[in-house]
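Got the viewer open? Let's take a walk through this one, a few selections at a time.

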Amino acid sequence: MKTWNGGQARGGLLGVFLALIGGETAWTAGGAHVVDDATVETPGTCHVEVWATRFGPARGLVNASPACTRGAWPRLELGASILHSADRKDDTMVGPAFKLNLRSVEKGLDVGVGATGGWSLHTGRLETASAVAPLALQLSEHLRVNLNGGWLYSRLGNHRHMAFVGAQVERQLTSKLSLMVEAFNRDRGRAGGQIGLRWTPGEGTVDLDIMAGHRLDGVGRSAITLGLTLRN
């Protein structure tokens, strides 16, 4: 098996992390979280999420992602992402994202499929992509488990194709405060994890997130993320 040097590993696994950006939901999954759930945005509603992650000195991400679920297609969420990364070199990626809910949690198991793609404004090429199947188990009114499995693509490293698995536990602490804990692994990198809190003041049109992570990109030992989501 080929081995990576440090710079190649950082670039490749950062690309993998970029490929995993998904849509936002009423629960904590989505946005800068690595593990997603199967739920789409409320039909007839749009949102925009903005978040920034710092991996260390001169390494980080800034993202802006709008998405909508139309009333005519209540199980399909369509979105896009504009993401600027600072790593070995600065780059900006843009691309589409979608998530399709196949089975609602009211039937006991939430099932979906989602895909993303990211084109570099610097090279004009497709740099990252993902196809992930999320499953959600509603264990109680306030407790949910999300499971993910899928395929990742990154042009930024030696290994362009990778498998991905992840698990997340979401707990609603109060009507306005939620806790998320997640763990994940790619078959070419080290396992990582993240823990975060989401505060939803008012009528649920605004979410504020703070998260601390370990090896989010498979390399960096620590990361801090701050996020904001606005819904209409």
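Which residues make the nonpolar surface patch of about 460 Å²? Select Val48, Val50, Trp199, Leu208, Leu228 and Leu230, and you have it. Keep in mind as you click around that this is a predicted model.

**The patch and its strands**

Now color strand S1, residues 45-56, and strand S12, residues 223-231: each of them supplies at least two residues of the nonpolar patch. Zoom in on Leu230, which sits in strand S12. Is it buried or exposed, or something in between? Leu230 has a relative accessibility of 40%, so it counts as partly exposed.

**Step back for the overall layout**

Switch to cartoon view for a moment. You should find one helix and twelve strands. Going from the N terminus, the order is α-β-β-β-β-β-β-β-β-β-β-β-β. If you color by accessibility, buried residues account for 48% of the 232 residues in the protein.

**The disulfide**

Next, show the cysteine side chains. How many disulfides does the structure hold? The count is one: Cys46 and Cys68 form it, with 1.9 Å between their sulfur atoms. Cys46 belongs to strand S1 and Cys68 to strand S2 (residues 59-69), so the bond ties together parts of the chain that are 22 residues apart in sequence. Turn the view to look along the S-S bond: the torsion about it is about 115 degrees, so this disulfide is right-handed. What about cover for the two cysteines? Cys46, at 26% relative accessibility, is partly exposed, and Cys68 is partly exposed with a relative accessible area of 29%.

**A charge over a ring**

Select Arg70 and Trp73. Arg70 lies over the face of Trp73, at 5.0 Å from the ring centre. While the aromatic side chains are on display, you can also look for aromatic pairs; the count comes to one.

**Salt bridges**

Time for the charged side chains. A quick reminder: side chains of opposite charge can pair when their charged atoms come close. This structure holds eight salt bridges, and we'll stop at a few of them.

Start with Asp36 and Lys99, whose side chains meet in a salt bridge at 3.2 Å, N to O. The two come from distant parts of the chain, 63 residues apart: Asp36 is in the loop between helix H1 (6-19) and S1, while Lys99 is in strand S4 (residues 90-103). Are these side chains out in the open or tucked away? Asp36 counts as buried at 12% relative accessibility, and Lys99 is buried with a relative accessible area of 5%.

Move along to Asp37. Which residue does Asp37 form a salt bridge with? Its partner is Arg144, and the closest N and O atoms are 3.5 Å apart. Arg144 lies in strand S7 (residues 143-154) and Asp37 in the loop between H1 and S1, so this pair ties together parts that are 107 residues apart in sequence. Both Arg144 and Asp37 are buried.

Now pick Arg198 and Asp207. Their side chains meet in a salt bridge at 3.9 Å, N to O, and both residues are buried. Don't stop at the pair, though: add Glu41, Asp209 and Arg231 to the selection, and you have a network of salt bridges that links them with Arg198 and Asp207.

**A backbone oddity**

Jump to Arg215, in the loop between strand S11 (206-214) and S12. What is its phi? Arg215 has a positive phi of about 55 degrees, although it is not a glycine. Arg215 is buried, with a relative accessible area of 12%.

**Last stop: two alanines**

Finish with Ala131, in strand S6 (residues 126-140). Ala131 has 34% relative accessibility, so it counts as partly exposed. Then draw a distance from its C-alpha atom to that of Ala163: the two are separated by 9.9 Å, with the residues 32 apart along the chain.

**Views to save**

Before you close the session, consider keeping three scenes. One is the patch with Val48, Val50, Trp199, Leu208, Leu228 and Leu230. Another is the Cys46 and Cys68 disulfide. The third is the salt-bridge network of Glu41, Arg198, Asp207, Asp209 and Arg231.

Note on methods:
Residues numbered from 1 in each chain as written. Predicted model: local features only at pLDDT ≥ 70, side-chain atom pairs only at ≥ 80, totals over all residues. Heavy atoms only, no water. Patch = residues over 30% accessible without salt bridge, like charges linked within 9 Å, V, L, I, M, F, W, Y side chains within 5 Å. Areas by Shrake-Rupley, 256 points an atom, 1.4 Å probe, with all protein chains shown as cover. Salt bridge = Lys/Arg side-chain N within 4 Å of Asp/Glu carboxyl O. Helix = DSSP H or I, 4+ residues; strand = E, 2+ residues; numbered from the N terminus. Buried < 20%, exposed > 50% of the residue type's maximum accessible area, 1.4 Å probe, protein only. Disulfide = S-S within 2.5 Å. Phe/Tyr/Trp six-rings, centres within 6.5 Å; stacked < 30°, edge-to-face > 60°. Lys NZ or Arg CZ within 6 Å of the ring centre and 35° of its normal.
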